[in-house]
Amino acid sequence: MTKRLVQGNEAVLLGAIKAGASYFCGYPISPSSEILAQASRYAANHPEFRFLQAEDEIASANAILGASLAGAKSFTATSGPGFSLMQEAIGYGHKIGIPAVIVNVMRVGPATGMPTMPGQGDLNQTRYGSTGDYTSIVFYPSTVAECHEYTIHAFNAAEESQSPVIILSDAYLGHLNEVVDLDEINVPVVPRTMEPLASGSTRLFSGVATYPDGEPATADSDEFIRQYIESRDCRLKVAEKYAFHEYGWNKDSDTLVVVYGITRRIVQPLSPHFALFRPIRIWPTLDKELAEVAERYKKIIVIEGSDGQYANVIERMLLRRVERVPLLGGRMSLEAVYEGLDRIGLLPKELAAAGGPGSKAGSSGSKAGSPARVG
Amino acid sequence: MAVKDKLKTDLFPTIWCPGCGIGLIMQQLASVMDELDLNKMNTVLVTGIGCTGRMGAYMNFESVYTLHGRTLPIAEAIKTVRPELNVIVVAGDGDTASIGGNHLLHSIRRNPNITVLCNNNEIYGLTGGQAGPTTPQGTTTISSPAGAAYSPINLQGLVNTNPDAYYAKTTVYHQGAMRKAIKEAIQWPGFAFIDVASQCIENNGRRIGYSSAYEMLQGYKADYKPAPKGATRLEKNQIGIIKKEAEPAVGPAGSSQNNGDGQH
């Protein structure tokens, strides 16, 4: 009932607890480590909440799946390199159908990259990181309050879809402190949907293609396709209930900007000039919702912290050209946005005069922008 | 109850090759489970990838057929969430000691109250007979035409880095010793590891000069001898059990996954 300063990473952890999570396993990695540290502190005072700092992210991802099978709502938190190590387990969770939540607080990759700088380059990894075909449900909030809210939705979607659901965040959002009253954020919690281990059945939870009785189906294409379509359709149907997005700003503009996550905060000063579409459910893509909005605009600009990962997706989805403003190397700042818009000739004149790259107040020599400047 | 009630006999014959040692382990495990009244309500199996991993499919228990090498994190998490369950891991030597080696190191350190049955056939059998972490140095395999280059991993030494852990070495020929080890390991209040030498006739034995599984079993009979009473370390080709005689320490609630640093 009190407003206080809450950090994005903390809001995620407290959202998980509110959703009923009782098992966390993780490995330290910037910029997600506060979630691990705070989970350990929470566990120290709540014996029903189990915590393990594992030997690596491979163990973490597998452990949360084991915990979920045993009956606990479970989650882990990591960043790009750790998320890469989790990919095989994520595919395993999808194959079997295990609810769990994975938080990826993105930094700049590939490899060790820029560990404390914000990036948005893991979008494709959240969709295509594991081997084979599967259907990911992924949410990406933009505020500390949303970190809390969408973490609860992620646990709910995981239960309903019986699959690992991913919450994306980034180095800015994870470390952003905002004044919020978390008690005012209430999302109905979906209870466990899966019969826990040792309840009387003799199920085989197999990542290998098997028939329902456990016999190998490793050469039966029909059976494989049947199981795949069943799980895909189930997850797509569940995802429909979570079609979160934001459409607003100057809807009379002839240009639509598409932004997500922390970038939504950075581009706020563009609000008088452009219409805004912000997908919160990153995957499955909001095809219907975005297509409906996009047809009203002559131009579409995707501004994102990667070299066009989502722009490519939207271009293919809409079958029309979209403009790109990639914010690379952690330069996720308003200055970088203005420069990018200027480069493609779409920087509104008023903004160029007010401090864009063409003006004296421009910031070509500045360091990467801080979230305090994003309005 | 009877031993056969522990098995899904309607799925027999198994996929294992004629003469494979895995069935001898499964049969003895089922028999011990029957004696200790382990059933589908109080016991969960966690198996790896490889021939051995199929065992879970043939037993009347809930069974988690994990990714290659990932039995231990899953088994530990299950034990943490449900400390009342018996959690039994069955995996091959490649799964346990190579691709899952890092988890093995840390499970030994954390000492969860789980049982690991390692089917050690000294080869990657399912993939056709490549050298593995337990293949004796000099052995010719399809991936070591000039003989395996390195000495095998020291499983006993690894397990014994934690004095509270239980280690047994046996073979599928020595059924009495294997039965005793399985029973003790399930009852051991901490990490218990059974290293079972077991023949893979089709993808290893014939290439190294055995003409049949029977000959390989006779080889175990001839080669392996019980360790002298009171031995604190097993020598090469000795079967026996290395355990603390006093009650070992174990993490609260039968598990270690309850605090910030993973130690207890």
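**A sheet shared by two chains**

In this predicted model, β10(A) pairs with strand β2 (residues 62-65) of chain B in the parallel sense, over three bridges.

Me: What makes β10(A) and β2(B) a pair?
Reply: Two strands count as paired if there are at least two bridges between them. β10(A) and β2(B) have three bridges, so they are called a pair. Within it, L204(A) stands opposite S63(B), and S206(A) is opposite Y65(B).

Me: Which sheet do these strands belong to, and in what order do its strands run?
Reply: The sheet is open and has nine strands with mixed pairing, in the order β10(A)-β2(B)-β1(B)-β3(B)-β4(B)-β6(B)-β5(B)-β8(B)-β7(B).

Me: Why are β10 of chain A and β7 of chain B called edge strands?
Reply: Each of the two, β10 (204-206) of chain A and β7 (225-226) of chain B, pairs on one side only.

Me: How do you know which strands helix α2 of chain B packs on?
Reply: Contact requires C-beta atoms within 7 Å. Helix α2 (residues 71-81) of chain B touches β1 (43-47), β2 and β3 (86-92) of chain B, so it is said to pack on the sheet. The direction of α2(B) makes about 175° with that of β3(B).

Me: How many residues does each chain bring to the contact, and which element of chain B gives the most?
Reply: Chain B brings 36 residues and chain A brings 39. On the chain B side, β1, β2, α2 and α4 (101-110) each give two or more residues, and α2(B) gives the most, with eight.

Me: What classes of residue make up the chain B side?
Reply: That side has 16 nonpolar, 14 polar and six charged residues.

Terms used: Residues are numbered from 1 along each chain as its sequence is written. Chains are lettered from A and ligands numbered from 1 in the order in which they are written. This is a predicted model: local features need pLDDT of at least 70, side-chain atom pairs count only at pLDDT 80 or more; totals for chains, interfaces and linings use all residues. Helices (H or I, at least four residues) and strands (E, at least two) are DSSP runs, numbered from the N terminus. Two residues are in contact if their C-beta atoms, placed from the backbone, lie within 7 Å. Axes are lines fitted to C-alpha atoms, for helices over the stretch in contact, and angles run from 0 to 180 degrees between N-to-C directions. Ala, Val, Leu, Ile, Met, Phe, Trp, Tyr, Cys and Pro count as nonpolar, Asp, Glu, Lys and Arg as charged, and the others, Gly among them, as polar.
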